[in-house]
Amino acid sequence: MASAHLRRVAAGTAFLGAGALAASWLTSEAPSRVSAAEISGKKLRAKRTLPPRDEQIKSLQTEDEFDVLIIGGGATGAGCALDSVTRGLKTALVELDDFASGTSSRSTKLIHGGVRYLQKAIFNLDIDQYRMVKEALHERTNMLESAPHLTHPLPIMLPVYTWWQIPYYWVGIKMYDLVAGSKSVKSSYYLSKKDALELFPMLRGDKLCGAIVYYDGQQDDARMCLAIALTATRHGATVANHVRVTKLIHGQDATGKRVVQGASLRDELTGKEWDVKAKCVINATGPFTDSIRKMDDQKVKEICCPSSGVHIVLPGYYSPDQMGLLDPDTSDGRVIFFLPWQRQTIAGTTDRLCDVTHDPKPTEDEIEFILGEVKNYLNPDVEVRRGDVLSAWSGIRPLVSDPNKEDTQSLARNHIVHVSDSNLVTIAGGKWTTYRAMAEHTIDAAVKACKLPATKECQTDGLLIEGAHGWTPTMYIRLVQDFGLECEVAQHLSMSYGDRAFAVAKLASLTGKRFPIIGKRIHPEFPYIDAEIRYGVREYACTAIDMIARRLRLAFLNNQAAQEALPTVIDIMAEELKWSEKEKKVQYEKATAFLAEQMGQQVNRASREKMSINLSKDEMQLYIKRFQMIDKEHKGYVSINDIRRSMKSFGEDVSGEELHEILKEIDTNMNGQVELDEYLQMMSAIKSGAVAYSRFARMAEMQEAVVEKEGLMKKVSVERSGGGEHYLQ
């Protein structure tokens, strides 16, 4: 076994020399053909204000013809819109749901070249895979520079538990740096066991030999996608979410050839339908690629092979603030990332074949798999508990076979651009990091196939994204000083909106306090404030789900906190969008279902219900006593009125929606009341770690304290009055 390991080290080290020679040629930078004027132009802010959504819809309805109509508002579609409009083409984009509502908001949040792909390229001498990594590393740098407020470099630790793997991984990671060349974020380095545990104290220390640290980038994926779409519309593109393509419109070109000439659209919010004409239609719908291709040709062979990837969010104390972890060798051969993100910790991902759906759901098996792998790498002081899963989601990877090749059985490792016989341009596959290059290749193909009147070459390499133009890392200090915002809130606004944070701050409400002066938090545990909801409506948020999942990231960070903030979010959106009470109720129900089904609430509840009650006799007696204190009428159950009365007894006046949420978190049989066995099951789940926190449990504890305090006061009162009577006698 040891000799085999040594051979692998020797092979890797020997390849370094040859690899370095090849890399020195392949990584050499081509002479720049971009003039100083063009570079300066990419730094300039587009002057156009964001038109309201109804104006965008009007533009779709009244324009005679667009040069390009893009279907799909994910990263690739938004990238295509930006590329197209900056070439001087009249551009429109429509999205069935919301910008980044699909895979683009459900990623690992990494901006990376692909360490694993480079390893395969080296050992298989695969030049195509090598070029794919090189392209991704270039695009990584572009994203970090074009949207510095939404992205940042992230060191990722690769712990090594076998001595022979240290030179093996070191060689591989150094090759990653070498391929990046001048586009390298920061150089990788080796850490001793002591230094590794100092930087990542949660790491399991026994048998640890050392660690390799390398750098990739991290982003807020949903806000990045939105920022790209907003940049496109600032440059003149018409973009609209919640617009469905019901069919493609075909006609004949000058030569009599059958071609796509537009699409029939329906506004999902109003039900209005109309046709839009376009010289070119681009299909950028990710997992739904085949549904649009079949609108063009019913007989076309499907090329999408969807794969589900689940991520979970754990509390921030599971990882250091500025250090991620890569597990390169899980129990089933997959790679698991363990990353700090927005003061929490993301762990994932899985890889499982799935059906294409608009509402992918995480499963308990996938969550347990990730927790099991995480447990293998953390020291015994960190108890990995099922109840610490704050949120969980599933994203669908749109893996595709290449229709341009005769052999369509094998999946493409990179993106593919395909032009059908009727000139429908399809872009599919690829990954988040290379969205800009994918868009460039797509518009190149569209211009050529449809003879589009582009006035410029691609302009997006180095083009600054919404919020980047005036942003600096210390900009948040001005927000604190000029507006009186909390420092944490100001930092969040700066990192989410860039130089647009000042426009957000102007919408904030007065707090009535000495400090902070403005900015009412919508949830006490997170830095989101009321102004963001008002500004989010200006960023085309049309539903409560749009707001809590993609304008704010609350649903992804903590689904319970999102549920608790939902009434406030809906009330403010109702003011902005003039919702009726009926519409507010509809929005609440839809958002609640979204959190339950797609953000992990449902599987969290199901995992708790499977647990048996495991309490000692003393614990049982204590919890029965607390339950009876709330159930003052001895009905045998706790109603919502009992919860309201209990909350008021210690000074908490909560809304009806919050009362229902407290009830729902423990009412497992969904009958509108809490039975004793449900309460005992909850307390058993908290004891075992399957549940981290329960408001009902906390309420019962506080109710006991109130009752005991009242009993003590009565006792003191009786003793005093008794003493007085004795004296009078």
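The buried residues of helix α14 pack against α9, α13 (475-483), α15 (501-505), α16 (530-538) and α17. This helix belongs to a predicted model of a chain of 729 residues, 55% of which are buried. The chain holds 26 helices and 20 strands. Of its contacts with a separation of 6 or more, 73% are between residues 24 or more positions apart.

**Helix α14**

- Helix α14 covers residues 487-497, and its buried residues are Val489, Ala490, His492, Leu493, Ser494, Ser496 and Tyr497.
- Gly498, which comes just after α14, takes a positive phi of about 60°.

**Thr233 in helix α9**

- One of the helices that α14 packs against is α9, which spans residues 221-234 and includes Thr233.
- Thr233 has a relative accessibility of 0% and therefore counts as buried.
- A polar atom of the Thr233 side chain lies 2.8 Å from the backbone oxygen of Ala237.
- Beyond its neighbours within four places in sequence, Thr233 is in contact with Arg48, Leu50, Pro51, Gln56, Val239 and Tyr540.

**Helices α17 and α19**

- Helix α17 is another of the helices met by the buried residues of α14.
- Two packed helices are described by the angle between their axes and the distance between the axes.
- For α17 (residues 544-551) and α19 (residues 559-577), the angle is about 120° and the axes are 10 Å apart.
- The crossing of α17 past α19 is right-handed.
- On the α17 side, the residues in contact are Ala544, Met547 and Ile548, and in α19 they are Leu566, Val569, Ile570 and Met573.
- By class, this contact has seven nonpolar residues, with no polar and no charged ones.

**Strand β10 and its partners**

- Strand β10 (residues 273-283) runs parallel to strand β1 (residues 66-71), and five bridges join the two.
- Within the pairing of β1 and β10, Phe66 has Ala278 of β10 as its bridge partner.
- Strand β9 (residues 258-267) runs antiparallel to β10, and these two strands are joined by five bridges.
- Asp275 in β10 stands opposite Ser264.
- The hairpin of β9 and β10 has five residues between the strands, and Gly271 takes a positive phi near 85° there.
- Strand β18 (residues 425-428) is joined to β10 by two bridges, and this pair runs parallel.
- Val425 in β18 is the bridge partner of Ile282.

**Arg397 in strand β16**

- Arg397 is part of strand β16, which covers residues 391-400.
- Is Arg397 buried or partly exposed? Its relative accessibility is 25%, so Arg397 counts as partly exposed.
- The C-alpha atom of Arg397 is separated by 6.9 Å from that of Thr103, a residue 294 residues apart from it along the chain.
- Setting aside neighbours within four places in sequence, Arg397 is in contact with Cys305, Pro306, Ser307, Ser308, Gly309, Thr349, Thr350 and Asp351.
- With one of these residues, Thr350, there is a short link between atoms: a polar atom of the Arg397 side chain lies 2.9 Å from the backbone oxygen of Thr350.

Terms used:
Residues are numbered from 1 along each chain as its sequence is written. This is a predicted model: local features need pLDDT of at least 70, side-chain atom pairs count only at pLDDT 80 or more; totals for chains, interfaces and linings use all residues. Side-chain values use heavy atoms; hydrogens and water are left out. Helices (H or I, at least four residues) and strands (E, at least two) are DSSP runs, numbered from the N terminus. Buried means under 20% relative accessible area, exposed over 50%, partly exposed in between (1.4 Å probe, protein chains only). A polar contact is a pair of N or O atoms within 3.5 Å; within protein, one must be able to donate a hydrogen and the other to accept it, and residues adjacent in sequence count only if both atoms are side-chain atoms. Contact means heavy atoms within 4.5 Å. Axes are lines fitted to C-alpha atoms, for helices over the stretch in contact, and angles run from 0 to 180 degrees between N-to-C directions. A crossing is left-handed if the near helix is turned anticlockwise from the far one by less than a right angle, and right-handed if clockwise. Ala, Val, Leu, Ile, Met, Phe, Trp, Tyr, Cys and Pro count as nonpolar, Asp, Glu, Lys and Arg as charged, and the others, Gly among them, as polar. Two strands pair if DSSP finds at least two bridges between them.
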